[in-house]
Amino acid sequence: LERARIAQAIADIPGVGGVHWTDGTMLASGDTDIESLRCENELLTVLAERTIRFEESSAEFIPGSEETLDELATALRPCVGAIVAIAGHTDTSGSPQLNIALSQDRAMMVRSELIERGIPAQSLRASGFGSTRPVRGLDPADPANRRIEFRVVSMEKTRPTPIDTPAAR
């Protein structure tokens, strides 16, 4: 929510066409609407009580993550048009190069699981950051850094298809 607030403040400056983040995503003017914030808040609510955690040096889920994935998919279903960034992270065990690859694998694993649960593939972007972004206040080697984070990066405008639009009878 802090990121969305900052992006909106920047986007509100006359002449600014959008906000480009260092992770390659873009938030265009007007994208941080109520729906985008609601979707991100739903995801954060799920993750406030549970986390998706991984075995050490693995993209295998720690038991209990399946229920969290189910809850995340349920939270995402009403977010039609949301583009969601899935960020994978590791602790500092292992080499930085392997950690980047592992975090990418973890993000892709979560993306695949959400697609299997009915979330459109085109709505999900996965990337890995290795151990470069530890949880603030934690030792970088702490296993809690083996995690996934979600962020709604934009809301695409959706238009009803002819099938969705009622016609005269």
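This report describes the fold, the central strands and selected residues of a predicted model.

## Overall make-up

The protein has 4 helices and 5 strands. Read from the N terminus, the order of elements is α-β-β-α-α-β-α-β-β. Of the 169 residues in the protein, 39% are buried.

Contacts reach far along the chain. Taking contacts between residues at least 6 apart in sequence, 68% join residues at least 24 apart. The exposed area of the protein is about 9600 Å². Carbon and sulfur atoms supply 56% of that area.

## The three-stranded sheet

An open sheet is formed by 3 strands, in the order S4-S3-S5. Its pairing is mixed. The edges are taken by S4 (124–128) and S5 (148–155). Each has a single partner strand, so one side of each lacks a neighbour in the sheet. From one strand to the next, the twist averages 25°.

Strands of a sheet pair through backbone hydrogen bonds, in either a parallel or an antiparallel sense. Here, S3 and S4 pair in the parallel sense, over 5 bridges. S3 and S5 pair in the antiparallel sense, over 7 bridges. Two bridge partners mark these pairings. Gly88 is matched with Gly128 in S4. Ala82 is matched with Met155 in S5.

## Strand S3

S3 covers residues 82–88. The strand is mostly covered, with 7 of its 7 residues buried. In a regular strand, side chains alternate between the two faces of the sheet. On one side of S3 are Ala82, Val84, Ile86 and Gly88. On the other are Ile83, Ala85 and Ala87. All of these residues are buried, and both faces of the strand are covered.

## Gly88 and its surroundings

Gly88 lies in S3. Its relative accessibility is 0%, so Gly88 counts as buried. The cut-off for buried is under 20% relative accessible area.

Beyond its neighbours within four places in sequence, Gly88 has contacts with several residues. They are Ser103, Ala107, Ser127, Gly128, Phe129, Gly130, Arg147 and Ile148. Gly128 is thus both a contact of Gly88 and its bridge partner in S4. Asp105 is 17 residues from Gly88 in sequence. The C-alpha to C-alpha distance between Gly88 and Asp105 is 7.8 Å.

## Helix H4 and Glu113

Helix H4 spans residues 96–116. The helix lies across S3, S4 and S5. It runs at about 160° to S4.

Glu113 belongs to helix H4. With 14% relative accessibility, Glu113 counts as buried. Setting aside residues up to four places away in sequence, Glu113 touches Phe61, Glu66 and Leu69.

## A nonpolar patch at the surface

Ile6, Ile10 and Ile13 make a nonpolar surface patch. The patch has an area of about 220 Å².

Ile6 is located in helix H1, residues 2–11. Its relative accessibility is 33%, and Ile6 therefore counts as partly exposed. Gly88, at 0%, counts as buried.

Notes. Residues numbered from 1 in each chain as written. Predicted model: local features only at pLDDT ≥ 70, side-chain atom pairs only at ≥ 80, totals over all residues. Heavy atoms only, no water. Patch = residues over 30% accessible without salt bridge, like charges linked within 9 Å, V, L, I, M, F, W, Y side chains within 5 Å. Areas by Shrake-Rupley, 256 points an atom, 1.4 Å probe, with all protein chains shown as cover. Salt bridge = Lys/Arg side-chain N within 4 Å of Asp/Glu carboxyl O. Helix = DSSP H or I, 4+ residues; strand = E, 2+ residues; numbered from the N terminus. Buried < 20%, exposed > 50% of the residue type's maximum accessible area, 1.4 Å probe, protein only. Contact = heavy atoms within 4.5 Å. Pairing = 2+ DSSP bridges. Axes fitted to C-alpha atoms, helices over the stretch in contact; angles between N-to-C directions.
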